[in-house]
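Colleague: I would like to look closely at one part of this model, at a pace that suits a first-year student. Could you choose a single strand, explain its surroundings, and then move outwards?

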Amino acid sequence: MTETRSTCPYCGVGCGVIIQSEAGQITGVRGDPQHPANFGRLCTKGSTLHLTAAAPVTRQTRLLQPMLRERRNGAPLPVEWGRALDLAAARFAQAVTDHGPDAVGFYISGQLLTEDYYVFNKLAKGLIGTNNVDTNSRLCMSSAVAGYKMTLGADAPPACYEDVDHADCLFIAGSNTAFAHPVLFRRIEEARAAKPQMKVIVCDPRRTDTAEFADLFLPIQPGTDVMLFHGLLHIMLWEGWTQPEYIAQHTSGFDALKTVVRECTPEQVAQTCGIPKEDLFTAAQWFATSNSTLSLYCQGLNQSSSGTAKNAALVNLHLATAQIGRPGAGPFSLTGQPNAMGGREVGGLANLLSAHRDLANPQHRAEVAALWGVPSVPDKPGKTAVEMFQAAADGEIKALWIACTNPAQSMPDQATVRRALQRAEFVVVQEAFATTTTCEFADLLLPATTWGEKDGTVTNSERRISRVRPAVGKPGGARHDWEIVVEFGRRLEARLPSPPPSPASGRGSPEDPETPGQRRTLFPYATPESIWLEHRESTRGRDLDITGLSYGLLERSPQQWPFAEGAAQGRARLYEDGVFPTADGKARFAAVQYRPLAEARESRYPFSLTTGRLRDQWHGMSRTGTLGRLFGHVPEPVVEMHPQDIARRLLREGDLVHVTSKRGSIVLPVQASAALGVNQAFIAMHWGPEFLAGVSSTGERLAGVNALTTSAYCPTSKQPELKHAAVKILKA
Ligand code: SF4
């Protein structure tokens with residue numbers, strides 16, 4: 001038996017795993033006792049990874065060779081890799097030649113490794129000249145990115161998991177940590193057991209398992225977080241619980257924020273949020289006056305049309321009370337996906353560039369162009385996730401490349417997404433699993449490797465980079481994601497006009513000096529490590545400088561960034577010196593306004609539908625859905641409603657109901673749940689077409705809860721409001 005150290009592919013906790021394999025098969029998995037994210041622990045999903053990997057590899061479950069659909073609605077047929085990539089390059093080059101670089105788009109994934117992300121980003125921005133590269137991380141953490149940058153000056157979570165052990169007060173907002181980040185939640189349980197005086201505050205519209213654990217639960221109305229946070233600051237100011245010295249020395253903009261929160265009186269906040277004034281007062285006191293307060297937050301804040309404002313308003317509280325830059329204190333956004341952080345690091349979003357550089361900054365664009373040896377990178381912001389599919393639905397984007405994600409299930413407003421996939425002239429889906437809904441829309445299917453087979457790195461929520469390593473070989477004709485991009489990129493280079501030499505770097509000559517007459521490739525990589533080394537160099541001197549790291553060092557021990565050349569170790573927490581990465585070194589208070597939900601409840605749609613994760617399933621279930629045992633916790637989709645609402649509508653538990661929004665409708669059984677307030681409903685996000693059929697308002701076949709959700713998004717982060725839709729619920 002062989003043992004291989006790697007990382008769990010599911011959530012942003014980023015647990016280390018040891019994969020056991022024998023004769024080319026994965027036979028077991030256990031937690032890595034030396035990994036600082038989990039010290040040997042795994043949750044139900046992680047501890048069954050070997051069982052999902054052991055599912056029979058067949059053409060029904062895995063994509064094992066490229067498949068081409070010669071005509072829409074026809075059956076996809078096997079095609080050789082060479083022909084598949086030549087065809088893809090020809091179709092993308094044609095779209096660029098005929099309609100310009102912005103006629104193509106790449107929609108990628110927080111499940112990809114950092115090396116995969118890097119080459120996709122370089123392909124779009126460096127070779128093709130479009131910023132149309134976005135990712136399902138847009139649905140996960142783009143509001144956290146925007147919130148950090150708005151207030152602290154950089155996209156860098158300032159805290160770490162160890163801070164859970166040091167905190168005297170935990171403020172958990174919009175996060176069912178017990179389900180979504182189970183190993184971290186075990187650490188929270190242990191920390192409070194060791195320190196019974198620790199206070200835990202949870203704010204969430206639902207009384208989740210995490211809320212059950214709280215000393216103080218604030219069951220706020222959906223979407224009212226900014227009002228809550230402003231109300232807490234109002235009380236802190238009134239009671240003299242802020243830290244004027246810290247505010248004066250290390251921040252700017254407090255007077256403008258005070259003007260905003262002055263209006264957020266306890267009465268106003270209690271009424272808007274639907275919580276007692278006394279609880280508001282208690283929360284403010286615990287947050288501000290505890291020796292150390294750590295906030296943990298996730299999609300309840302991020303997946304919102306006010307996502308950036310919610311994040312910034314919470315950071316405001318930490319700055320006003322000096323609860324930052326100390327052990328146990330700070331605003332700590334939890335990443336949903338395993339490598340949304342790594343994607344941010346390489347700039348794999350439509351508005352970012354490598355190593356936390358900004359697309360809007362001409363100096364940053366010039367630096368990236370010089371690094372890549374291209375004349376320039378485009379300055380026009382790319383299409384973000386919702387915008388990209390809307391542009392394809394409108395006929396603006398002609399060729400779409402989708403990798404390692406399932407937008408035909410996971411994007412909001414499914415009807416528009418499906419229109420986009422049908423209207424796009426050429427759709428490539430690069431995917432490990434043959435079972436995702438998006439595969440049905442592909443003109444070309446490219447088989448990719450997955451967990452247990454891949455090699456590279458990921459970064460977890462606490463900025464810790466871990467190695468992902470292969471325990472077994474590639475199945476069938478599958479290739480690594482980075483390999484597919486590199487092979488495609490080289491073919492596309494041959495079809496696009498050669499760029500002129502880069503004036504900034506002297507690189508980018510159209511000719512390779514070692515092979516005169518041949519064009520230099522932007523994709524000279526033979527291994528994932530060679531990609532990572534280029535990424536590493538791009539971070540030199542940046543806030544996330546990792547020039548002191550190597551694959552070898554990471555294999556011995558996962559490390560947090562920054563870790564500059566010469567450093568002995570990474571930095572556990574940031575801003576301990578009170579200096580922030582802004583022009584004047586001061587953090588900036590954000591005087592954001594409370595805004596109601598994009599789609600309020602109203603008489604025709606009287607329920608607030610919220611969505612969320614189950615404990616034992618992951619995303620669209622392409623992996624966890626293969627294992628019967630993971631259905632033991634929740635066996636089928638249900639819509640949860642408050643018992644009073646069920647009774648008032650003359651329903652009984654188990655009755656089938658239509659849940660309908662302005663966009664679509666699904667049918668599923670109703671289940672009573674006292675975890676919800678009245679006029680609220682909850683449906684888990686994971687169920688796909690085999691479990692939960694739906695129909696659009698115009699009669700198209702849809703699936704899952706995203707038949708109902710809205711694509712309204714935060715104007716700053718462009719993250720859609722997946723967490724809330726107004727619905728009606730009627731007996732089927
Ligand atoms: Fe994997 Fe997250 Fe569970 Fe850890 S907590 S084992 S990373 S799913």
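Modeller: Two strands pair if DSSP finds at least two bridges between them, and the helices (H or I, at least four residues) and strands (E, at least two) are themselves DSSP runs, numbered from the N terminus. This is a predicted model, in which local features need pLDDT of at least 70 and side-chain atom pairs count only at pLDDT 80 or more, while totals for chains, interfaces and linings use all residues. Residues are numbered from 1 along each chain as its sequence is written.

The part I have chosen is strand 20, which covers residues 464-468. Strand 19 (residues 456-459) runs antiparallel to strand 20, and four bridges join the two. One place to find this pairing in the view is G456, whose bridge partner in strand 20 is V468. Together strand 19 and strand 20 make a hairpin with four residues between them, and in that turn R463 takes a positive phi of about 70 degrees. Strand 20 also pairs with strand 21 (residues 559-560), again in the antiparallel sense, this time over two bridges. Here you can look for I465, which has Q559 of strand 21 as its bridge partner.

How much of strand 20 is covered? Five of its five residues are buried, where buried means that 20 or more other C-beta atoms lie within 10 Å of a residue's own, exposed means 12 or fewer, and partly exposed is in between, with C-beta atoms placed from the backbone. In a regular strand the side chains alternate between the two faces of the sheet. In strand 20, R464, S466 and V468 point one way, whereas I465 and R467 point the other way, and residues on both sides are buried.

For a contrast in burial, consider T4, which belongs to strand 1 (residues 2-7). T4 counts as partly exposed because 17 other C-beta atoms lie within 10 Å. Leaving aside residues up to four places away in sequence, T4 touches I19, S21, R469 and A471, two residues being in contact if their C-beta atoms, placed from the backbone, lie within 7 Å. A590, by comparison, is 586 residues from T4 along the chain, and 46 Å separate their C-alpha atoms.

Moving outwards, the assignment for the protein chain lists domain 1 (2-53), domain 2 (67-139 + 339-560), domain 3 (142-334) and domain 4 (607-731), with bounds that come from an automatic or database domain assignment. The centres of domain 2 and domain 3, taken over C-alpha atoms, are 35 Å apart, and 11 residues of domain 2 are in contact with 10 residues of domain 3.

Two helices are also worth finding. Helix 5 (residues 142-151) is mostly covered, since nine of its 10 residues are buried, among them S142, Y148 and K149. Its buried residues pack against helix 15 (299-302), helix 16 (307-320), strand 13 (330-333), helix 17 (340-345) and strand 22 (587-588). Just after helix 5 comes G153, with a positive phi of about 95 degrees. In helix 8 (182-194), the buried residues include P182, F185 and R187. They pack against neighbours that include strand 8 (169-173) and helix 9 (209-212).
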